[in-house]
Amino acid sequence: MQTTQARHEEHFQLSAVSLLRELPEEKLAKIVDCLEVVKYIIREGEEGNTFFIIAKGEVIVTQSTEGFAEPQEIKTLGVGDYFGEKALISEDVRSANIICNENDTHCLVVDRDNFNQMVGTYEELQAYLKEYVEELSRSDERRNAL
Ligand code: WNU
C-alpha cells in the first residue's frame with residue numbers, strides 16, 4: 001500500500017515537471033513505473049572516489065549477504081559519523097550500500113585527493129582508519145557478505 005501511495009505522490013509531482021506536462025495520463029503512468037526515488041548515496045560494487053561525513057539526518061548501511069535475496073541491513077549511522085573510507089583505503093569498489101534514512105540527510109563530501117591529503121597529514125588518522133577498515137573486512141566475513 002505504501003508503494004501505491006508513493007506512486008501517487010510521485011505522480012502528483014510529475015505533473016509539475018514542465019518537460020512532461022503535455023503527456024497524456026496513460027504515458028505519464030508508464031513513466032511513473034520506471035521511476036525510482038534516489039536514496040542511495042553509495043552503491044555496492046561501484047567505483048568510489050569520495051569520503052562522506054554526515055552533517056544532518058541518518059543513513060542505513062546494507063550489504064549483499066550469502067543466503068539472502070535482498071541486501072541486509074548492517075547498521076544505522078547518524079550526525080558526526082562517516083563512511084566511504086574503505087574503497088579509498090583498500091583501493092577497491094564500494095563494499096556496502098549507503099541509503100538515506102531521512103528525507104533531509106546532508107553529507108559533507110571529501111574527494112580522494114583531499115582525503116589522501118587529510119589522512120596523509122595526520123598519521124594517527126591513517127593508522128586508525130586502516131585498522132578500522134581491516135576490522136570491517138573481518139566483520140564482513142563473519143556475516144558472510146558477498
Ligand atoms: C561494514 N562492512 C563494510 C560501515 C563507516 C566508517 C567506519 C564503519 Cl570507520 P566503502 C561502503 C561503506 C564502507 C564503510 C561503510 O560502508 N561500512 C561498512 C561496514 O560492516 N562497510 N564493508 N559498516 S559503516 C562505517 C566504520 O564506510 O566504505 O567505500 O562504501 O566500501
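Two strands are taken as paired if DSSP finds at least two bridges between them. In this predicted model, strand E2 (residues 50-56) and strand E7 (residues 106-111) meet that condition, as six bridges join the two strands in an antiparallel arrangement. Within this pairing, Ile54 has Cys107 of E7 as its bridge partner.

The protein chain is divided into two domains, with domain 1 covering 2-34 and domain 2 covering 40-142. Between the C-alpha centres of domain 1 and domain 2 the distance is 33 Å. The strands E2 and E7, at residues 50-56 and 106-111, fall within the bounds 40-142 given for domain 2.

Strand E2 also pairs with strand E5 (residues 82-83); this pairing is antiparallel and consists of two bridges. Here Ile53 is matched with Tyr82 of E5 as its bridge partner. Together, these strands make an open sheet of three strands in the order E5-E2-E7, and the pairing is antiparallel. E5 and E7 are the edge strands of this sheet, each pairing on one side only.

A further open sheet is formed by four strands, ordered E1-E6-E3-E4, again with antiparallel pairing. Its edges are strand E1 (40-42) and strand E4 (72-77), each of which pairs on one side only. On average, neighbouring strands of this sheet are turned by 30° against each other, direction ignored. In general, strands of a sheet pair through backbone hydrogen bonds, either parallel or antiparallel.

Within the four-stranded sheet, strand E3 (residues 59-63) and strand E6 (residues 97-100) are joined by four bridges and run antiparallel. Thr62 has Asn97 of E6 as its bridge partner, and Ile60 has Ile99 of E6. E1 is joined to E6 by two bridges, also in the antiparallel sense. The residue Ile99 of E6 appears in this pairing as the bridge partner of Tyr40. Ile99 is thus a bridge partner of both Tyr40 and Ile60.

The ligand is surrounded by 20 residues, of which the closest are Gly84, Glu85, Arg94, Ser95 and Asp140. By class, the residues of the shell around the ligand comprise 10 nonpolar, four polar and six charged. At least two residues of this shell come from each of E3, E4, E5, helix H3 (85-89) and helix H5 (123-142). H5 gives the most to the shell, with four residues. Among the contributing elements, E3 and E4 belong to the sheet of order E1-E6-E3-E4, whereas E5 belongs to the sheet of order E5-E2-E7.

Polar contacts to oxygen atoms of the ligand involve three of the closest residues, Gly84, Arg94 and Ser95. For Gly84, a backbone N or O atom lies 2.9 Å from an oxygen atom of the ligand. For Arg94, an N or O atom in the side chain is 2.7 Å from an oxygen atom of the ligand. For Ser95, the distance between a polar side-chain atom and an oxygen atom of the ligand is 2.7 Å. Taken alone, the ligand exposes 600 Å², and the protein buries 98% of that area. The size of an interface is often given as the accessible area lost when the parts come together.

How values were computed
Residues are numbered from 1 along each chain as its sequence is written. This is a predicted model: local features need pLDDT of at least 70, side-chain atom pairs count only at pLDDT 80 or more; totals for chains, interfaces and linings use all residues. Side-chain values use heavy atoms; hydrogens and water are left out. Domain bounds come from an automatic or database domain assignment. Axes are lines fitted to C-alpha atoms, for helices over the stretch in contact, and angles run from 0 to 180 degrees between N-to-C directions. A residue is near a molecule or strand if one of its heavy atoms lies within 4 Å of it. A polar contact is a pair of N or O atoms within 3.5 Å; within protein, one must be able to donate a hydrogen and the other to accept it, and residues adjacent in sequence count only if both atoms are side-chain atoms. Accessible areas come from the Shrake-Rupley method with a 1.4 Å probe; for residues, only the protein chains shown count as cover. Ala, Val, Leu, Ile, Met, Phe, Trp, Tyr, Cys and Pro count as nonpolar, Asp, Glu, Lys and Arg as charged, and the others, Gly among them, as polar.
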